[in-house]
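Let's take a walk through this one, a few spots at a time. Have the sequence and the 3D view open as you read.

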Amino acid sequence: MPVPSLPFEIERMIFLLCARHKNRHAYLAVARRVQAWLALSFHDDDAEYLINSRLEPIVYRFVHLRSERAAANFLQSIESRPEFAERTVKGIFFGTAVAIDTAGETLKLCCGIKDLTLRVPCYLTGKNPLLEPMSALPQLRTLSIDLASIFNNRVIYLPNIDTLHRVTHLHISNAWASWQGGSQTIGVERLEQITHLSLHLSTLRTEISMLSGILRRDNLTVMVLWRKWSVTDEQVRGWLKQNDLMDTRIIILNSADFFGIVQGYGLWNYVERLVDWRRGNEEPFEIPDHLRAVALTEPE
């Protein structure tokens, strides 16, 4: 009999309420998502304990920074230990409330990361302080990005960013990223090393030639197309058939499920399992019940 599960936000609230318990560090062994929730709930009185324990590499392996205060505290905790930061931190999430300068200074120290999520808007008119430290991330392979984080002008062309030529797993959160603007696309089809691509789909505005060009590449493992909640899977499938884009590597997902999939399964792990299942069952667009994501209402 399956064990009922709580919504992730309720789970998170429970663990955060327990974060000041004397045995709070034991909760880090529960699950990876709990590690992320608790990582920045430790205060100054925990610093000595963490530094002298084996838990610190676990806490710092993947860091969620949703606020400027959390980001500034994290930066302060690693400034005196650059070698530790480079060696230990493998993934960082920067939320929209983090200052872009703080994010840039953090990336300079955490130059060994492999996984980066950027939601930091850049309102500057001059040089973007994220670009130089991003170019010095030799191990970065997985990137989830709001393009406003790295482009602060009207010319948005992905191949102009050196870092993007090393990324193999790319999710772009902007709904317009698959559209054609003016005489050209944003150039995602020119990043030929990408094996895992995730974009938002508009059956009215998505550039068909861009998708078909990407699908012609043998190295592509999966293409995730996020539909609006008001558009059905059947409508998207019809659009794909009409435009000769039938491919078992295409995964259609509801954008309302984004949070649940990322937090519960891990996006790339989830869609890889779907593609593998389809290959074995010769089903081009089906999602089996045991892999069907639970829809949560929290937006991306």
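Which exposed residues does the face of α10 turned away from its buried side carry? They are Glu 234, Lys 241 and Gln 242. One thing to keep in mind throughout: this is a predicted model.

## Helix α10 and its two faces

Helix α10 runs over residues 233–242. Its buried residues are Asp 233, Val 236, Arg 237, Trp 239 and Leu 240. These five cover an arc of only 160° around the axis, which means they sit on the same side of α10. Glu 234, Lys 241 and Gln 242, the exposed ones, are on the face turned away from that buried side.

So what covers the buried residues of α10? The cover includes a helix, α9 (208–215), along with the strands β7 (222–227) and β8 (250–254). After α10 comes Asp 244, and its phi is positive, near 55°.

## Thr 142 in strand β4

Next stop is strand β4, made up of residues 142–145, where you'll find Thr 142. Is Thr 142 buried or exposed? It counts as buried, because its relative accessibility is 18% and the cut-off for buried is under 20%.

Skip the neighbours within four places in sequence, and Thr 142 is still in contact with Lys 114, Asp 115, Leu 116, His 169 and Trp 268.

## Cysteines and disulfides

How many disulfides does a search of the whole structure find? Zero. Cys 110 is in no disulfide, and the nearest cysteine sulfur to its own belongs to Cys 111, 7.9 Å away.

Now look from the other side of that pair. The closest cysteine sulfur to that of Cys 111 is the one in Cys 110, and at 7.9 Å it is too far for a bond. For a pair to count as a disulfide, the two sulfur atoms have to be within 2.5 Å. As for its surroundings, Cys 110 is buried, with a relative accessible area of 0%.

## Arg 190 in its loop

Last up is Arg 190, in the loop between β5 (169–172) and β6 (196–200). Arg 190 counts as exposed, because its relative accessibility is 56% and exposed means over 50%.

What does Arg 190 touch, not counting residues up to four places away in sequence? Tyr 157 and Pro 159. It's also worth finding Ile 214 in your viewer: Arg 190 and Ile 214 are 24 residues apart in sequence, and their C-alpha atoms are 8.5 Å apart in space.

How values were computed
Residues numbered from 1 in each chain as written. Predicted model: local features only at pLDDT ≥ 70, side-chain atom pairs only at ≥ 80, totals over all residues. Heavy atoms only, no water. Buried < 20%, exposed > 50% of the residue type's maximum accessible area, 1.4 Å probe, protein only. Helix = DSSP H or I, 4+ residues; strand = E, 2+ residues; numbered from the N terminus. Arc of directions from axis to C-beta. Contact = heavy atoms within 4.5 Å.
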